[in-house]
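Pull up the model and have the metal sites in view before reading on. The notes below are meant to be read alongside the coordinates.

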Amino acid sequence: MKVFVEYIWIDGAKPTAMVRSKTRVIEIISDSITLEQIPDWGFDGSSTNQAEGHSSDCILKPVRFVADPIRGGANILALCEVYDSKGNVHPSNTRAVLRNVLDAGASKQEAIFGFEQEYTLFSRDDYPLGWPENGYPGPQGPYYCGIGTARTAGRDLVEAHAQACLDADLLLFGTNAEVMLGQWEFQIGYRGFKEDIDALMITDHHWIALWLLYRLAEEFDVKISRENKPMKGDWNGAGCHTNFSTKAMRDASAGKKEIEDILKRLEANHDRHIAVYGAKLAERLTGDHETCAITEFRYGESDRGASIRIPVTTAKDGYGYLEDRRPGANIDPYVVAARLLVTIGDMDEALFEKQSNKELVNVISK
Ligand code: ADP
Ligand code: MN
Ligand code: MN
Ligand code: MN
């Protein structure tokens, strides 16, 4: 049987990486397809900010595949890591950073994540979907989880995307309309089911879900923005709240002390986190619009103006998960997961520093 494989990878765009993909036909001889049957492939890195023109070949190594919900049938989407022509991990390959952190001991934490990816829809002419071509919609209020004409914009794409995530068997938690008209959210990660999930699977699924969003947006002639503050002024920015828990945090007896210790470590490492939580984060973390100012670190029960929210269930039970509200919509989930694991596990900073994307760095001016 011959099938289409869509090879998906993350490019070298700075400061915010983007997904790329290309198509290849492969022949499947056995009944079911395995990762080993999907061959490595290459691409021209000089066109993706991943190589110089004179030695431009980069290598694509498939690392996870799912059913292709757009082409259907036996066709698949294959997420890849990028290697250079000598076979070394490419500097843009942030998945390798997360892998290394996990291999260096973090996998023992059995951390699970839930990413709330917000994004904004724009028309081809660059105004937010549902906004008048000149001027503004009514003030924020009716749009968050809103229903009804003129209260929502772009639901047809949101529904198509959610269905595609389900058809690809991604770890989709849910979706909702956001506070600003034309802004939406999908969540990927822990769902409370009995399913075997880990940090790599969740972050891989997050990137595949992003690819599906950009790809399906073509069908609706809509642009996706992951900018932190797409509309200046009294409009909410777009973030990527990152919920996380470790085995110890979820433990009924050890959880309370563990969470207290982790909150202290998060406070001590605030600047290191901000540095890799998305480009132009200061525009979003102003202290208004359900954010905590970028220069401050605060945690609080059910507090949506804090850096870290302690969800009501965690506060009540004394154990469970935390929500890091700082990450912006333009984060790389591999980088955020790796950063959190290093802080939570009090691991060697060199593990993270060595390979993280240095050009992403936000500097906090105090
Ligand atoms: P919010 O109220 O902040 O908008 P959402 O309902 O959008 O929250 O998303 C909840 C998120 O919390 C989901 O991404 C889910 O995966 C995550 N989550 C729930 N429980 C846990 C847990 N124990 N560990 C990690 N993440 C969790
Ligand atoms: Mn949410
Ligand atoms: Mn949200
Ligand atoms: Mn949230």
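What follows goes through the metal sites, then some aromatic rings, then a pair of helices. Keep in mind that this is a predicted model.

**The manganese sites**

Let's start with the ions and their protein donors.

| Ion | Protein donors | Distance |
|---|---|---|
| manganese ion (ligand 2) | Glu116 (OE), Glu185 (OE) | 2.2 Å |
| manganese ion (ligand 3) | Glu118 (OE), Glu178 (OE), Glu185 (OE) | 2.1 to 2.2 Å |
| manganese ion (ligand 4) | Glu116 (OE), Glu116 (OE), His241 (ND1), Glu323 (OE) | 2.0 to 2.5 Å |

Two glutamates do double duty here. Glu116 bridges the manganese ion (ligand 4) and the manganese ion (ligand 2), and those two ions sit 3.9 Å apart. Glu185 coordinates both the manganese ion (ligand 2) and the manganese ion (ligand 3), with 3.7 Å between the ions. Where do these bridging residues come from in the chain? Glu116 belongs to strand β6 and Glu185 to strand β8 (residues 183–189), so the pair ties together parts 69 residues apart in sequence.

Now take the manganese ion (ligand 3). Its donors follow the spacing E-x59-E-x6-E along the chain. Within that set, Glu118 in strand β6 and Glu185 in strand β8 link distant parts of the chain, 67 residues apart.

For the manganese ion (ligand 4), the donor residues run E-x124-H-x81-E in sequence. Here His241 in strand β10 (residues 240–245) and Glu323 in strand β13 (residues 322–324) make the long-range link, 82 residues apart.

Are these donors buried or exposed? With buried meaning under 20% relative accessible area, Glu116 qualifies because its value is 16%. Glu185 is buried too, at 4%, and Glu118 comes in as buried at 8%. His241 and Glu323 are likewise buried.

**Rings and charges**

Away from the ions, there are aromatic contacts to look at. The model has 8 aromatic pairs. One of them is Trp131 with Trp235: the ring centres are 4.6 Å apart and the planes sit at 50°, so this pair counts as tilted. The two tryptophans come from distant parts of the chain, 104 residues apart, with Trp131 in the loop between β6 (112–122) and α2 (155–167) and Trp235 in the loop between β9 (223–225) and β10. Both Trp131 and Trp235 are buried. Tyr136 joins in as well, and together with Trp131 and Trp235 it forms one aromatic cluster.

A couple of charged side chains also sit over rings. Lys22 lies over the face of Trp41, at 4.0 Å from the ring centre. Arg71 does likewise over the face of Phe4, at 4.9 Å from the ring centre.

**A helix crossing**

Last stop: a helix pair. Two packed helices are described by the angle between their axes and the distance between the axes. How do helix α4 and helix α7 cross? The axes of α4 (residues 255–268) and α7 (residues 333–344) come within 9 Å and cross at roughly 115°. The crossing of α4 past α7 is right-handed. On the α4 side, the contact is made by Ile262, Arg265 and Leu266, and on the α7 side by Leu340, Thr343 and Ile344.

Conventions:
Residues are numbered from 1 along each chain as its sequence is written. Chains are lettered from A and ligands numbered from 1 in the order in which they are written. This is a predicted model: local features need pLDDT of at least 70, side-chain atom pairs count only at pLDDT 80 or more; totals for chains, interfaces and linings use all residues. Side-chain values use heavy atoms; hydrogens and water are left out. Donors are N, O and S atoms within 2.8 Å of the metal (3.2 Å for Na, K and Ca); water is not among the atoms, so sites may look incomplete. Helices (H or I, at least four residues) and strands (E, at least two) are DSSP runs, numbered from the N terminus. Buried means under 20% relative accessible area, exposed over 50%, partly exposed in between (1.4 Å probe, protein chains only). Rings of Phe, Tyr and Trp (its six-membered ring) pair if their centres lie within 6.5 Å; planes under 30 degrees apart count as stacked, over 60 as edge-to-face and the rest as tilted. A charge sits over a ring if NZ of Lys or CZ of Arg is within 6 Å of the ring centre and within 35 degrees of the ring normal. Axes are lines fitted to C-alpha atoms, for helices over the stretch in contact, and angles run from 0 to 180 degrees between N-to-C directions. A crossing is left-handed if the near helix is turned anticlockwise from the far one by less than a right angle, and right-handed if clockwise. Contact means heavy atoms within 4.5 Å.
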